[in-house]
Structures are given as structure tokens and as C-alpha cells.
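Visitor: Could you take me on a close look at a single part of this model, the sheet, and show me how its strands and the helices around it fit together?

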Amino acid sequence: MNVEQVKQWMQLFSAEIEKNKDYLSQLDTDIGDGDHGNNMARGVKAVEAGLAKDQPTDLAQTFKSIAMSLISKVGGASGPLYGTAFLEMAKAAKDDENDLPALLQAAAAGVAKRGGAKVGDKTMVDVWLPAAADAKQGQLNDAVIDKLVAATKPLRALKGRASYLGERSIGHLDPGAVSTGMLLKTLLQATK
Amino acid sequence: MAANTQTGMVLVSHVPEIVAGITKLIRQVAPDVALTTAGGTSDGDIGTDATHILQAIDANPATDLMVFYDLGSAKMNLDLVTDMTDKPLHRYDVAFVEGAYTCAALLQAGDSRAEIEKQLAPLKIK
């Protein structure tokens with residue numbers, strides 16, 4: 001992965017978020033506070049503005065710029081979570097080594113640690129951790145990502161705002177898992 | 001006894017009115033405690049963000065800070081901020097109003113952080 005690919009990734013992700021803003025907020029209205037679509041849309045706009053302003057030249061600077069935009073602009077739990085994912089990728093990125101599975105592994109571990117969620121808690125971690133493991137095996141693709149996202153539907157939320165709903169959280173997709181699916185699919189597109 | 005002003009308090013909530021209300025409640029019993037707050041995001045929206053929390057930490061005159069918060073994303077942002085500031089931050093996963101009130105009243109009475117933490121222990125809910 002290189003800087004141009006990351007920039008393209010963010011453009012694709014931004015377009016995907018913008019297109020699905022209302023859908024994400026609707027999912028979040030069902031089991032959360034209804035702001036995921038707007039929060040993410042604000043975040044990706046800030047990412048694009050931040051990259052244009054910072055003009056990063058290496059991978060670590062690029063990821064850091066993205067992380068700071070997300071941390072300061074998203075507002076909900078997704079800000080620190082996605083921010084941490086990109087901060088961890090910034091730490092893991094090396095000039096001469098652009099090992100995508102290793103970067104994803106660092107990001108996934110960071111998200112899991114920041115939120116304290118485990119796989120099965122009905123959060124974005126349900127997508128991040130298995131997807132990072134699949135990437136390591138060279139088996140990450142759109143179908144796998146869709147399956148991981150869909151698997152959050154029957155779960156009862158044990159972390160995050162949806163956990164306050166108890167049983168009523170069952171039968172809804174987790175909005176963070178859905179946006180993580182979009183992030184990973186656009187990553188595959190940008191690095192193909 | 002003189003209030004403990006070496007140790008301060010920071011309150012973080014998703015909306016400005018929550019920290020404003022708790023501050024009002026606390027000030028009745030703890031007029032001298034070093035207390036700063038971050039309610040809502042920097043842009044005035046509902047939520048929390050690290051930049052706004054960092055401002056409350058920098059603005060606090062105390063060197064050692066005890067931090068209380070309302071919901072999950074505040075906790076995550078606090079953990080992020082812990083890596084961004086030199087001030088020691090102590091985060092308590094306790095009932096927000098009761099925890100903050102307990103802490104303020106005891107700081108005002110001059111208690112140390114260690115003593116206060118004993119009183120906070122049974123209030124842990126998250």
C-alpha cells in the first residue's frame with residue numbers, strides 16, 4: 001500500500017459514506033442514538049480536508065492525518081475507534097514495508113483495545129478482528145466482509161449504546177459493523 | 001481543613017447541560033475544588049471529542065486529575081487523551097453524579113486521592 005492508494009481509499013470510503021449516510025443513521029436510530037451516518041459523513045469530509053491541508057508524503061503521516069481528523073470531528077464512539085485504527089496503522093507503517101495484513105492486524109487490535117469489545121458483542125470488532133485474520137490468510141474479499149457484517153444481526157449487544165436496549169438490540173445490524181464493512185471493501189478496491 | 005487543590009476534577013459529558021448541572025450541584029459543597037468540564041463536542045454537537053476534553057485538562061490548575069464521564073465514547077476519548085497529555089489522568093468508571101459529588105466533597109474536605117478512591121470503589125457501575 002502507498003500514499004496514493006490510501007488517498008484513493010479515503011475518496012472511495014467518503015463517497016460510500018455519503019451515499020449511505022441516511023441508511024447508517026437509520027440503522028443507528030433502531031438501536032442507538034441515530035447519528036452514525038451524520039457523524040461519519042462529517043468525519044470523512046474532515047479527512048479529505050485534512051489530507052489536502054497536511055499534504056502527507058509517507059504512509060505514517062497519511063494515516064496520522066486521517067486519524068486526527070476522525071478523532072476531532074466524528075463526535076460519537078466511532079471517532080476514537082476509527083481514529084485509533086488509523087493511529088495504529090500509522091505506528092505500524094514503515095517506508096519499505098507496506099504489508100496490508102500487518103497494518104489491518106494493528107488496526108483491528110487497536111480498535112478492540114480502545115473499545116474493550118470482544119467478537120460477539122455486536123460491535124465493529126465483529127468485523128475488524130475476523131477480517132484482519134482473513135487478510136493474513138489472503139482470504140479477505142467482499143463476500144467475506146458482507147458475511148461478517150450480516151452476522152451482527154441476530155446478536156444481542158453487549159457493548160456500546162445498543163447494549164442499553166438488551167434483548168431489543170437483537171435483529172438489527174450493528175451500524176459500526178456496517179460502516180467498518182464499507183471501510184474494508186473500499187480498501188480492497190483501492191489496493192486491488 | 002483546607003481543600004485539596006493539588007488534585008483536580010474533570011467532568012466529561014455528551015451535552016453541555018449535564019456537566020453544567022453537576023457543576024452547580026458540586027459547587028454548593030465544594031467551592032474551592034479545581035474543576036473543569038467538557039460537555040458536548042468542540043462544534044457544540046451532542047457527543048464527545050478528544051480535542052475538547054484536552055482543553056478542559058489544560059485549563060485545570062491542578063497537576064493530578066480525577067476524571068468522571070457519562071457514556072462509552074467519553075471513556076474512549078478519555079483513553080485517547082491520556083496518551084496526548086503529560087498530566088496524570090485517573091478515570092473512574094463510577095455512577096457519574098454520585099461519583100463526581102463524592103469526589104468533590106472529599107477534595108473540599110482535604111482528602112487525598114487514595115482516600116477518595118476508597119469511597120468511589122462501591123460506586124463502580126461501568
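Guide: Happy to! Let me begin with a term we will need: two strands pair if DSSP finds at least two bridges between them. The model in front of you is predicted, so please read what follows as a description of that prediction.

The sheet belongs to chain B. It is open and has four strands, in the order β2-β1-β3-β4, with parallel pairing. At its edges are β2 and β4 (residues 89-91) of chain B, each of which pairs on one side only. From one strand to the next, the twist averages 25°.

Let's start with strand β1 of chain B, residues 7-13, and its pairing with β2(B). These two strands run parallel and are joined by five bridges. If you would like to find one pair of bridge partners by eye, look for V10(B), whose partner in β2(B) is T36(B). To get from β1(B) to β2(B), the chain passes through helix α1 of chain B, residues 16-27. This β-α-β crossover is right-handed.

How enclosed is strand β2 of chain B, an edge strand? Strand β2(B) covers residues 35-39, and four of those five residues are buried, so the strand is largely enclosed by the rest of the structure. Buried here stands for under 20% relative accessible area. An edge position in the sheet therefore goes together with a largely enclosed strand in this case.

Now return to β1(B) and look towards strand β3 of chain B, residues 64-69. Six bridges join β1(B) to β3(B), and this pair also runs parallel. A handy landmark is G8(B), which stands opposite L65(B) in β3(B).

Finally, the helices that lie across these strands. Helix α3 of chain B, residues 72-82, lies across β1, β3 and β4 of that chain. Its direction is at about 160° to β4(B), and because angles over 145 degrees count as roughly antiparallel, α3(B) is roughly antiparallel to β4(B). Helix α5 of chain B, residues 113-120, lies across β3 and β4 of chain B. Helix α5(B) runs at about 20° to β3(B), and since angles under 35 degrees count as roughly parallel, α5(B) is roughly parallel to β3(B).

Key:
Residues are numbered from 1 along each chain as its sequence is written. Chains are lettered from A and ligands numbered from 1 in the order in which they are written. This is a predicted model: local features need pLDDT of at least 70, side-chain atom pairs count only at pLDDT 80 or more; totals for chains, interfaces and linings use all residues. Side-chain values use heavy atoms; hydrogens and water are left out. Buried means under 20% relative accessible area, exposed over 50%, partly exposed in between (1.4 Å probe, protein chains only). A crossover is right-handed if, with the strands pointing away from the viewer, the path from the first strand over the helix to the second runs clockwise. Axes are lines fitted to C-alpha atoms, for helices over the stretch in contact, and angles run from 0 to 180 degrees between N-to-C directions. Contact means heavy atoms within 4.5 Å.
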